[in-house]
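Colleague: Got a minute to walk me through this one? I'd like to start with the strands.

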Amino acid sequence: MILSDLLGSPVLTADGERVGQVVDARLALDGPPDGFMVRTRVYGLVVSPHAHRSFAGYERTGVDAPALIARFLSWRARGSVLVLWTDLASFTDDVVRLRPGARLYSPRLEHSGP
Amino acid sequence: MRNDRELPAPPPVAGRVLDADLELLDRQILDPDGVPISAVDDLELSTPADLARLDPQHPPVVQALLTGPILMTRIFGGRLPESRFIRIPWSIVTRVGTVVSVGAAADSLDASWTERWMRDHVISRIPGGRHDPE
């Protein structure tokens, strides 16, 4: 599977309600050593109800300059959410389906850990 | 309209977190000597055993950076077949920042074969093409 398989895929709740489409995959570098790096897993998917792609990640980073561009791109990505991998039920026919009771999280990117 | 300020923050992660499209794709890949190798065009992820019933305990892991001739697909749409990509194993990546650094020399990787071919078959046959400018 390659990342592009996931990007752009529609995301539906367990009831079939559309959440949006996958605009990014959040990775967690928290596994055991894997060569020079650590094993890196898919932690969740960033889902946007409006934008097809996320440009420059203004809605996730808190960067607010240049102001006009930041406002426009944040508006374009309004309503974006993060869904965790543990809340994904299936990925078939290029559609991601969530488990019943899946939680939606803020997509803001807070760099954590070492 | 849903406001992300109303949404809770996700559970914390012990290690670093990064968004693949935002912080990996299109980044330049450099070898230990700073020689450009290519750019990150895609990522190879492990495929879950059963896509119809995803296992929450076994998320996909990053296996390789992929690089390939994606210019035409970006202009005209569509997707490059997986077989056209060249893999750079994730295990040789040493750092992810504004560039992606790998721990192997550019000449030892398949991703730089076009540069090597051009150097050996074209540039070296041009008078003066076998040494640095003086």
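Modeller: Sure. Bear in mind that this is a predicted model. In chain B, four strands form an open sheet. Their order is β3-β2-β8-β7, and the pairing is mixed.

Colleague: Which strands are at the edges of it?

Modeller: β3 (36-39) and β7 (93-96) of chain B. Each of these pairs on one side only.

Colleague: How much are neighbouring strands turned against each other?

Modeller: By 25° on average, with direction ignored.

Colleague: In what sense do β2 and β3 of chain B pair?

Modeller: Antiparallel, over three bridges. Strand β2 of chain B covers residues 28-30. Leu30(B) has Pro36(B), in β3(B), as its bridge partner.

Colleague: New topic. How many residues does each chain put into the contact?

Modeller: Chain B gives 41 residues and chain A gives 52 residues.

Colleague: Which elements of chain B supply at least two residues each to that side?

Modeller: β1 (16-19), α1 (20-23), β4 (42-45), β5 (62-67) and β7. That β7 is also an edge strand of the four-stranded sheet.

Colleague: And what's the make-up of chain B's side, by class?

Modeller: The side of chain B that touches chain A has 26 nonpolar residues, five polar and 10 charged.

Colleague: Back to β1(B). Which strand of chain A pairs with it?

Modeller: Strand β2 of chain A, residues 18-34. The two pair in the antiparallel sense over four bridges.

Colleague: Which residue is the bridge partner of Leu27(A) there?

Modeller: Leu18(B), in β1(B).

Conventions: Residues numbered from 1 in each chain as written. Chains lettered and ligands numbered in written order. Predicted model: local features only at pLDDT ≥ 70, side-chain atom pairs only at ≥ 80, totals over all residues. Pairing = 2+ DSSP bridges. Axes fitted to C-alpha atoms, helices over the stretch in contact; angles between N-to-C directions. Contact = placed C-beta atoms within 7 Å. Nonpolar A, V, L, I, M, F, W, Y, C, P; charged D, E, K, R; others polar.
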